[in-house]
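This briefing covers strand pairing, helix packing and salt bridges in the structure shown below. The points are grouped by topic.

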Amino acid sequence: KKPQLLCLYTNLMTKLNILKIIDFVKNEPLLSNTKIILGGPEVRNHDEAFLNYGAHIIVVGEGEQTMLDICLHFIDGQFNISEIESICYKEDGKIIRTKERSKIRSIDELPFPNRHKVDLQKYFDAWKSKHGISSISLSTMRGCPYTCNWCSRAVYGQSYRRRSPKLVVDEIIEVQKNYKFDSIWFVDDVFTISHKWLAEFNHEINSRQVKINFECITRADRLTEEALLMLKESGCMRVWIGAESGSQKIIDAMDRRVDVKQVRRMLIAAKKMGIQTGTFIMLGYPGENIEDIEETIKHL
């Protein structure tokens with residue numbers, strides 16, 4: 001295929017493959033007219049390096065409107081490239097960075113993902129063969145208001161924007177109609193951040209008699225026994241609670257703003273309610289010593 005535009009999501013884990021793809025495009029004469037456009041969390045702080053390597057345009061932050069403008073510029077000849085907000089490109093050897101656009105306020109305005117463009121069955125089959133269940137991803141929110149030092153806010157910023165529970169359940173019903181899968185993976189950073197939203201979501205799920213199994217990520221300080229009960233009633237089979245370390249010293253160094261004892265309490269409370277639990281651990285955080293690692297082992 002010889003696409004006019006090749007648009008690639010770039011994060012820390014995909015970066016090396018992205019560079020290989022750029023090399024491939026640059027060295028393939030049939031692709032000499034293909035424009036390489038990069039977005040995602042890795043590009044904001046390394047835009048000049050990616051442009052020097054061979055990317056034509058960097059999209060900074062949320063990409064929906066920016067990408068539409070880029071398509072209209074190249075395909076329909078609309079817009080001067082300098083008029084497109086939130087991009088970075090080279091002109092006469094100089095790096096040009098345009099004004100950053102405002103974030104999408106109401107993410108309810110966004111359409112559902114066009115999942116038919118991807119052969120999801122291959123993913124379902126791969127997960128089923130390796131993990132025993134197939135899973136589909138779904139997003140209900142953007143951003144996170146917390147300040148954990150290690151976390152990237154390069155795309156969504158330090159924001160919290162949520163889709164309406166009704167719209168989320170509409171999307172669940174749509175994917176159930178079109179695909180056969182065992183569970184839903186909610187990709188949100190902190191699924192239980194708003195207990196009001198969680199109660200409305202629980203009501204939508206049960207009043208519309210939608211049956212799902214799902215797993216999600218949250219924080220211990222955004223969990224209570226009442227919140228866990230709502231998760232259970234909604235169909236939550238597994239909850240991932242960020243712990244990062246069993247040492248309060250390291251938690252504080254990360255600016256996690258959570259008590260390690262609270263993490264343990266919520267893990268135990270979730271298990272008692274019949275919800276499977278998982279957690280995330282980092283080793284080697286700056287300032288960590290053997291005693292901190294031993295605290296983490298005790299914690300686990």
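Two strands count as paired if DSSP finds at least two bridges between them. The model discussed here is predicted. Its elements include an open sheet of five strands, a parallel pairing of β9 with β10, and a left-handed crossing of helices α6 and α7.

**Pairing around strand β9**

- W185 stands opposite E215 in β10.
- The pairing of β9 with strand β10 (residues 214–218) is parallel and extends over two bridges.
- Strand β9 (residues 183–186) also runs parallel to strand β6 (residues 135–138), to which four bridges join it.
- In that second pairing, W185 of β9 is the bridge partner of S137.

**The five-stranded sheet**

- The order of the strands is β1-β2-β3-β4-β5, and the pairing is mixed.
- At the edges lie β1 (5–9) and β5 (94–97), each of which pairs on one side only.
- On average, neighbouring strands of this sheet are turned by 20° against each other, direction ignored.
- Within the sheet, strand β3 (residues 57–59) and strand β4 (residues 87–91) are antiparallel and share three bridges.
- I57 has Y89 of β4 standing opposite.
- Helix α1 (residues 15–26) packs on the sheet, where it touches β1 and β2 (35–39); the direction of α1 makes about 165° with that of β1.
- Helix α3 (residues 64–76) likewise packs on the sheet and touches β1, β2, β3 and β4; its direction makes about 165° with that of β1.

**Packing of helices α6 and α7**

- The axes of α6 (residues 195–207) and α7 (residues 225–234) come within 9 Å and cross at roughly 25°.
- Angles under 35 degrees count as roughly parallel, and α6 and α7 are therefore roughly parallel to each other.
- The crossing of these two helices is left-handed.
- From α6, the contact is made by H195, L198, A199, F201, N202, I205 and N206; from α7, it is made by A227, M230, L231, E233 and S234.
- By class, this contact of α6 with α7 comprises seven nonpolar, four polar and one charged residues.

**Salt bridges**

- The structure holds 22 salt bridges.
- One salt bridge is formed by the side chains of E64 and R142, at 2.5 Å from N to O.
- This pair links distant parts of the chain, with E64 in helix α3 and R142 in strand β7 (residues 141–142), 78 residues apart.

Definitions and conventions. Residues numbered from 1 in each chain as written. Predicted model: local features only at pLDDT ≥ 70, side-chain atom pairs only at ≥ 80, totals over all residues. Heavy atoms only, no water. Axes fitted to C-alpha atoms, helices over the stretch in contact; angles between N-to-C directions. Parallel < 35°, antiparallel > 145°, perpendicular 65-115°, else oblique. Left-handed = near helix turned anticlockwise from the far one by under 90°. Contact = heavy atoms within 4.5 Å. Nonpolar A, V, L, I, M, F, W, Y, C, P; charged D, E, K, R; others polar. Salt bridge = Lys/Arg side-chain N within 4 Å of Asp/Glu carboxyl O.
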